[in-house]
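Me: I'd like to learn how to read helix packing in a model. Could you walk me through it?

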Amino acid sequence: MTYELEIQIEELRVELRNAVDGAERRQIQAELEIVQAELIVAAAEMEGLAEAEPPF
């Protein structure tokens, strides 16, 4: 799962570098931040630092 997220992050970085329109850049930046957060959570779950299921 983390590999796919890392690939997606790299693709978004490329898109961000090539984006000319300000609105498009903001959209890509927001997507990039979300995927980076997902990667952090996935890595924490793999290392046992976070639980995959909610506590309730």
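Reply: Sure, let's go through this one step by step, bearing in mind that the model is predicted.

Me: Let's start simple: how many helices and strands does the chain have?

Reply: Two helices and zero strands. Helix α1 covers residues 2-18 and helix α2 covers residues 22-46.

Me: What do people use to describe two packed helices?

Reply: The general idea is that you give the angle between their axes and the distance between the axes. Here α1 and α2 pack at about 160°, and their axes are 9 Å apart. Because that angle is over 145 degrees, α1 counts as roughly antiparallel to α2.

Me: And which hand does the crossing of α1 and α2 have, left or right?

Reply: That crossing is left-handed.

Me: What sort of residues make up the contact of α1 with α2?

Reply: They split into 11 nonpolar, four polar and six charged. On the α1 side you'll find, among them, Leu-5, Ile-9, Leu-12 and Leu-16. The α2 side includes Ile-28, Leu-32, Val-35 and Leu-39. Charged residues take part too, including Glu-6 and Arg-13 from α1.

Me: Can we zoom in on one residue? Is Thr-2 buried or exposed?

Reply: Thr-2, which lies in α1, has a relative accessible area of 18%, so it is buried, the cut-off being under 20%. Leaving aside neighbours within four places in sequence, Thr-2 touches Leu-39, Ala-42, Ala-43 and Met-46.

Me: What percentage of the chain's residues are buried?

Reply: Buried residues make up 21% of the 56. As for the accessible surface, the chain has about 4500 Å², with 56% of that belonging to carbon and sulfur atoms.

Definitions and conventions: Residues numbered from 1 in each chain as written. Predicted model: local features only at pLDDT ≥ 70, side-chain atom pairs only at ≥ 80, totals over all residues. Heavy atoms only, no water. Axes fitted to C-alpha atoms, helices over the stretch in contact; angles between N-to-C directions. Helix = DSSP H or I, 4+ residues; strand = E, 2+ residues; numbered from the N terminus. Parallel < 35°, antiparallel > 145°, perpendicular 65-115°, else oblique. Left-handed = near helix turned anticlockwise from the far one by under 90°. Contact = heavy atoms within 4.5 Å. Buried < 20%, exposed > 50% of the residue type's maximum accessible area, 1.4 Å probe, protein only. Areas by Shrake-Rupley, 256 points an atom, 1.4 Å probe, with all protein chains shown as cover.
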